[in-house]
Amino acid sequence: MGFGLDKLILESIMFGLASSIGMGLSDLIAASVTRKFGVLRTVLCVHVVSVIATTGYFFFGATLGDLTFAHWGTLIGIAVMGSALLIGFYKALQLGSIAIVSPVVSSNAVVVVLLATLLLGERLN
């Protein structure tokens, strides 16, 4: 392997570990907040913080004029589905052990690979 490939692999591992730590901390905080304040209040706060955090992008980086009504419909559908999934996830964290809920949810990578293979005909190569 060349030096460039070694560096790429090392960076990939480091970013993967950083993401795993971030997701783990996020799950831990979400479980604590959800148990204290409830599911709907937690989801609402997460969405408000997300909107505040991304508002600058829409003013300085996005070109919203390029979006058609079909795009907006798709975005709204994704938002509704994402909200429903978050509500389910936070409810699971509220009711169950984070040591069980988090790994089960993290198994979504397997589901994505299976669906991509079965529905889109993609191959692992």
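Before you start clicking, one bit of vocabulary: Ala, Val, Leu, Ile, Met, Phe, Trp, Tyr, Cys and Pro count as nonpolar, Asp, Glu, Lys and Arg as charged, and the others, Gly among them, as polar. Also keep in mind that this is a predicted model.

**Stop one: the largest pocket.** Select Met23, Asp27, Phe89, Val105 and Asn108. You're now looking at the residues closest to the centre of the largest pocket, out of 15 that line it. Its volume comes to about 390 Å³. By class, the lining splits into seven nonpolar residues, seven polar and one charged.

Next, colour helix H1 (3-37), helix H3 (69-95) and helix H4 (98-106): each of them gives at least two residues to that lining. H1 has the largest share, with six residues.

**Stop two: the second largest pocket.** Keep H1 coloured and add helix H2 (39-60); these are the elements that put two or more residues into the lining of the second largest pocket. Here you'll find a volume of about 160 Å³. To see the walls, select Ser26, Ile29, Ala30, Val33, Phe37, Arg41, Thr42, Cys45, Val46 and Tyr90. Which helix gives the largest share of this lining? H1 does, with five residues. The lining has seven nonpolar residues, two polar and one charged.

**Last stop: helix H5.** Jump to residues 108-120, the 13 residues of H5. From first C-alpha to last, H5 reaches 17 Å, close to the 18 Å expected at 1.5 Å a residue. Now step just past the end of H5 to glycine 121, where phi is positive, at about 75°.

Key: Residues are numbered from 1 along each chain as its sequence is written. This is a predicted model: local features need pLDDT of at least 70, side-chain atom pairs count only at pLDDT 80 or more; totals for chains, interfaces and linings use all residues. Side-chain values use heavy atoms; hydrogens and water are left out. Helices (H or I, at least four residues) and strands (E, at least two) are DSSP runs, numbered from the N terminus. The expected span of a helix is 1.5 Å times one less than its number of residues. On a 1 Å grid over the protein atoms alone, a cavity is a set of points where a 1.4 Å probe fits but cannot get out, and a pocket is an open set with protein on both sides within 12 Å along at least five of seven lines; lining residues have an atom within 4 Å of a point. Grid points are joined across faces, edges and corners, and a volume is the space filled by probe spheres set on the points.
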